Amino acid sequence: MSENINPDVQKSEVVDYSGKSLAELSELFHQFATSEDRLQRAKDAEALKSAFYKTLLKEKEKLEEAAQGALETVEENFKALYSAYKKEKASYNKQLDAQKEDNLKAKQTVIEDLKALLEKDEDVSTTLPEFRAIQDRWREIGAVPAQNFRDINNTYQLYVEQFYDRLKINRELRDLDFKKNLEAKQELCEKAEKLAESANVMEAFRELQRLHDAWKDLGPVAKQYREEIWERFKVATAVINKKYQGYFETVKEEQEENLAKKQELCVKVEEIAGMEIADSKLWNSLSKDIEAVQAEWRKIGYATRKENQKIYDRFRAACDKFYGRKRDFYASFKDDMEENLNKKIAICEAAEQLKSSQEWKKATDQFIDLQKKWKEIGAVPRKKSDALWKRFRAACDEFFAEKEKNFKAREPRTARPSRPAVKVLTEKEKLVARYKTLEQEIATKENNILFFARSAGNAIVDQMKKGIEDAKLELKSLEEKIRSIEEERGNE
């Protein structure tokens, strides 16, 4: 007796849609939804749906929430296509189930007619054509519910064999029928043996199921050939089944290797997601590392069916943790920059109020303090940074330019004859006073040069450098004069 293989219960390959874009997946589903055999390809529909939503999730993660409008439109269009297909498929399945129930009733009727035929005691010329008609009716009936397939088929085969074995028919007609069935089964054996040599394991397995269906529909052969012909067909079947099983063993091994690779990537992302990260430069660098790991992940095939979803969830959780922390960091960073912006605006306002002051010493100290505070404040939004710096520098430049102009104007005045002071200073006292004044001016200018170093080509900076050089030369000259006076007094 042939193997009971239900043609409705067959494994099929699922196409790998990973690597496809949302547009490509949408177009593929549109093509699928308009194909003639769409209702028989439910696994393809689910594979496309799964690939679409995985890709959609990845795309959403790359975009800010405000920029996800286009993706929502794509998702809505896909949902509409999939919903229409599911409604059509549900209706089709309902009709198919009803048809299978009708087919079951029809086959039960055929069996009842076959039983009745076995009970007849008529001439073979009458019963054999009737038997052939019953066989034709059986073949024309479609699939039955899966749970009824084995029983209904076994019952039919039992009565068919009883017909050939028990019915008193003309030996010549019986032998002719046996011979015809034997030739048909030999042809099926040859086809099965050729399939056993095929390199396409999946296609060979599917075709084998069709050969088994054909075998079941054929009548028996002469008793002396029954075991032999069935054994031949069974051997070819075993070869194909072994290759089919080996194929899945190979796939399982590959999936185990893929699982191990994905576990390594999970560990790598989990380590990155748990790192202490304090600056945006490191966040950006690690984001590139995460993207590289994600790209590597996409190149790896499926893991085992039992572990595939678990390992994906683990990887997704690690990535989500990293990007969640990154969003929190930048939210906090944005608040800090806004606070820094307000602080620098306040310094600009203070500098602008101070720039017109003519209390040179006091104002200079205040400007130096503002400059120090400015350096201590962290980053501000890049779009406002340059403008804010120019504003502050302009106020500083204006003050120090005015101060420099004032000191230059005072120097010719001090060179002119003046009224006798209330206290007449000695020559040495005058030199010492001038020496201290120069020291203060040099210290102020050197501090300002450090601050204004960012102003490439700034004329004020060049002017300050020249003033410092001149002041230092004058300091040396004053030192020599003071030393000379002290030596003269020591000799007196």
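Visitor: In which element is the place of Gln135 found?
Guide: The model shown above is a predicted one. Read along its sequence, the protein follows the pattern α-α-α-α-α-α-α-α-α-α-α-α-α-α. Among these elements, the one that holds Gln135 is helix 4.

Visitor: Is Gln135 buried or exposed?
Guide: A residue counts as buried when its relative accessible area is under 20%. The relative accessibility of Gln135 is 4%, so this residue counts as buried.

Visitor: How far apart in space are Gln135 and Tyr156, C-alpha to C-alpha?
Guide: Along the sequence, Gln135 and Tyr156 are 21 residues apart. In space, their C-alpha atoms are separated by 9.8 Å.

Visitor: How many helices does the protein have?
Guide: The protein has zero strands. Its elements therefore follow one another in the pattern α-α-α-α-α-α-α-α-α-α-α-α-α-α, where helices are DSSP runs of at least four residues. The number of helices is 14.

Visitor: Of the residues of the protein, what percentage count as buried?
Guide: The protein has 492 residues. The cut-off for a buried residue is a relative accessible area under 20%. The part of the protein that counts as buried is 36%.

Visitor: What is the distance from N to O in the salt bridge of Arg132 and Asp177?
Guide: Arg132 lies in helix 4 (residues 124–140) and Asp177 in helix 6 (residues 171–196), so their salt bridge ties together parts that are 45 residues apart in sequence. The side chains of the two residues meet with an N to O distance of 1.6 Å.

Visitor: Which residue, Arg132 or Asp177, counts as buried?
Guide: Arg132 has a relative accessibility of 24% and therefore counts as partly exposed. Asp177 has 5%, which is under the cut-off of 20%. The buried partner is Asp177.

Visitor: With which residue does Glu88 form a salt bridge?
Guide: The closest N and O atoms of this pair are 2.6 Å apart. The pair links distant parts of the chain, with Glu88 in helix 3 (residues 69–119) and its partner in the loop between helix 1 (22–33) and helix 2 (42–62), 50 residues apart. Glu88 itself is partly exposed at 30%, while its partner counts as buried at 18%. That partner is Arg38.

Visitor: Which residue meets Asp37 in a salt bridge?
Guide: Asp37 is partly exposed, with a relative accessible area of 36%. Its partner is also partly exposed, at 26%. The N to O distance of this salt bridge is 3.2 Å, and the partner is Arg41.

Visitor: How many salt bridges does a search of the whole structure find?
Guide: Some salt bridges are linked in a network, including those of Glu203, Arg206, Glu207 and Arg210. When the whole structure is searched, the number of salt bridges found is 27.

Visitor: Which backbone oxygen does the side chain of Thr237 reach?
Guide: Thr237 lies in helix 8. With a relative accessibility of 2%, this residue counts as buried. At 2.9 Å, its side chain reaches the backbone oxygen of Phe233.

Visitor: What charge does the patch of Glu249, Glu253, Glu254, Glu256 and Glu257 have?
Guide: Glu256 lies in helix 8 (residues 223–273). This residue counts as partly exposed because its relative accessibility is 40%. A residue in a patch has over 30% relative accessible area, and Glu counts as negative. The five residues gather on the surface, and the charge of their patch is negative.

Visitor: Is Lys242 buried or exposed?
Guide: Lys242 is found in helix 8. Its C-alpha atom is separated by 9.8 Å from that of Val201, 41 residues apart along the chain. The cut-off for an exposed residue is over 50%. At 67% relative accessibility, Lys242 therefore counts as exposed.

Visitor: How far apart in space are Lys100 and Pro145, C-alpha to C-alpha?
Guide: Lys100 lies in helix 3 and counts as buried at 17% relative accessibility. In sequence, Lys100 and Pro145 are 45 residues apart. Their C-alpha atoms are separated in space by 5.6 Å.

Visitor: What distance separates the C-alpha atoms of Leu370 and Cys348?
Guide: Leu370 is found in helix 11 (residues 360–376). At 11% relative accessibility, Leu370 counts as buried. Leu370 and Cys348 are 22 residues apart along the chain, and their C-alpha atoms are separated by 8.9 Å.

Methods
Residues are numbered from 1 along each chain as its sequence is written. This is a predicted model: local features need pLDDT of at least 70, side-chain atom pairs count only at pLDDT 80 or more; totals for chains, interfaces and linings use all residues. Side-chain values use heavy atoms; hydrogens and water are left out. Patches are made of residues with over 30% relative accessible area and no salt bridge: like charges are joined within 9 Å, nonpolar side chains (Val, Leu, Ile, Met, Phe, Trp, Tyr) within 5 Å. Accessible areas come from the Shrake-Rupley method with a 1.4 Å probe; for residues, only the protein chains shown count as cover. A salt bridge is a side-chain nitrogen of Lys or Arg within 4 Å of a carboxyl oxygen of Asp or Glu. The place of a charge is taken as NZ of Lys, CZ of Arg, CG of Asp or CD of Glu. Helices (H or I, at least four residues) and strands (E, at least two) are DSSP runs, numbered from the N terminus. Buried means under 20% relative accessible area, exposed over 50%, partly exposed in between (1.4 Å probe, protein chains only). A polar contact is a pair of N or O atoms within 3.5 Å; within protein, one must be able to donate a hydrogen and the other to accept it, and residues adjacent in sequence count only if both atoms are side-chain atoms.
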